[in-house]
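Work through the exercises below with the model open beside you. Try each task before you read its solution.

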Amino acid sequence: MSWLDKFPLAILIALAAWMAVAPISPEPHLIEKLRMLSQGTLVKPLDMFDLLLHSAPIVLLVVRLWRKFTVK
């Protein structure tokens with residue numbers, strides 16, 4: 001996990017924020033896919049990949065911040 005510790009935090013924050021709201025119109029994909037997941041309609045592989053793609057930077061940011069404040 002040292003590669004994540006070396007990754008610039010500002011870039012990771014910007015990437016996570018960008019992927020969380022992209023595309024802005026008509027609604028962010030992350031919100032749409034989470035809604036589909038809660039309703040049980042997230043069944044297409046492309047939709048699952050889209051959820052993974054848009055949530056991965058947020059997960060990496062959380063892990064990076066957790067490691068920054070707890071590990072060391």
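**Exercise 1. A buried arginine and its partner**

Arg67 is buried, with a relative accessible area of 17%. Buried means under 20% relative accessible area, exposed means over 50%, and partly exposed is in between, with a 1.4 Å probe and protein chains only. This is a predicted model: local features need pLDDT of at least 70, side-chain atom pairs count only at pLDDT 80 or more, and totals for chains, interfaces and linings use all residues. Residues are numbered from 1 along each chain as its sequence is written, and side-chain values use heavy atoms, with hydrogens and water left out.

Task: find the residue with which Arg67 forms a salt bridge.

Solution.
- Step 1. Apply the cut-off: a salt bridge is a side-chain nitrogen of Lys or Arg within 4 Å of a carboxyl oxygen of Asp or Glu.
- Step 2. Asp5 is the partner, and the closest N and O atoms are 2.8 Å apart.
- Step 3. Place the two residues: Arg67 sits in helix H4 and Asp5 in helix H1, 62 residues apart, so the pair links distant parts of the chain. Helices are DSSP runs (H or I, at least four residues), numbered from the N terminus.
- Step 4. Check Asp5: its relative accessibility is 23%, which makes it partly exposed.

**Exercise 2. The other salt bridges**

Task: state how many salt bridges the structure holds, then examine those outside H1.

Solution.
- Step 1. The count is four.
- Step 2. Glu27 and Arg35 meet through their side chains, at 2.8 Å from N to O.
- Step 3. Both are partly exposed: Glu27 has 25% relative accessibility, and Arg35 has 38%.
- Step 4. Lys33 and Asp50 form another salt bridge, with 3.9 Å between the closest N and O atoms.
- Step 5. Lys33 belongs to helix H3 and Asp50 to helix H4, so this pair ties together parts 17 residues apart in sequence.
- Step 6. Both count as buried: Asp50 at 15% relative accessibility, Lys33 at 5%.
- Step 7. Salt bridges link Lys33, Asp47 and Asp50 in a network.
- Step 8. Contact means heavy atoms within 4.5 Å. Leaving aside neighbours within four places in sequence, Asp50 is in contact with His29 and Lys33.

**Exercise 3. An arginine without a salt bridge**

Task: describe what surrounds Arg64.

Solution.
- Step 1. Locate Arg64 in helix H4, residues 45-70.
- Step 2. Arg64 is buried yet has no salt bridge. For charge, Lys and Arg count as positive and Asp and Glu as negative, while His and the chain ends are not counted.
- Step 3. The nearest side chain of opposite charge is Asp5, 5.3 Å away.
- Step 4. Look at Phe7: its backbone oxygen lies 3.0 Å from a polar atom of the Arg64 side chain.
- Step 5. Not counting residues up to four places away in sequence, Arg64 touches Leu4, Asp5, Phe7, Leu9 and Leu12.

**Exercise 4. The two sides of H2**

Task: which residues of H2 are buried, and where do they lie around the helix?

Solution.
- Step 1. Leu9, Leu12, Ala16, Met19 and Ala20 are buried.
- Step 2. Seen down the axis of H2, these buried residues fall within an arc of 105°, so they line one face. The arc is that of the directions from the helix axis to the C-beta atoms.
- Step 3. Ala10 and Trp18 are exposed on the other side.
- Step 4. The buried residues pack against helix H1 (2-6), H3 and H4.
- Step 5. Check the span: at 1.5 Å a residue, the 13 residues of H2 should span 18 Å, and the end C-alpha atoms are 19 Å apart, which agrees. The expected span is 1.5 Å times one less than the number of residues.

**Exercise 5. Cis peptide bonds in a loop**

Task: where is Pro23, and what kind of peptide bond joins Ala22 to Pro23?

Solution.
- Step 1. Pro23 is in the loop between helix H2 (9-21) and helix H3 (29-39).
- Step 2. The bond between Ala22 and Pro23 is cis, with omega about -25°.
- Step 3. Ser25 and Pro26 are also joined by a cis peptide bond, with omega about 0°.
- Step 4. For background, most peptide bonds are trans.
- Step 5. Pro26 lies in the loop between H2 and H3. At 82% relative accessibility, Pro26 counts as exposed.
- Step 6. Pro26 and Ala56 are 30 residues apart in sequence and 22 Å apart in space, C-alpha to C-alpha.

Terms used. A polar contact is a pair of N or O atoms within 3.5 Å; within protein, one must be able to donate a hydrogen and the other to accept it, and residues adjacent in sequence count only if both atoms are side-chain atoms.
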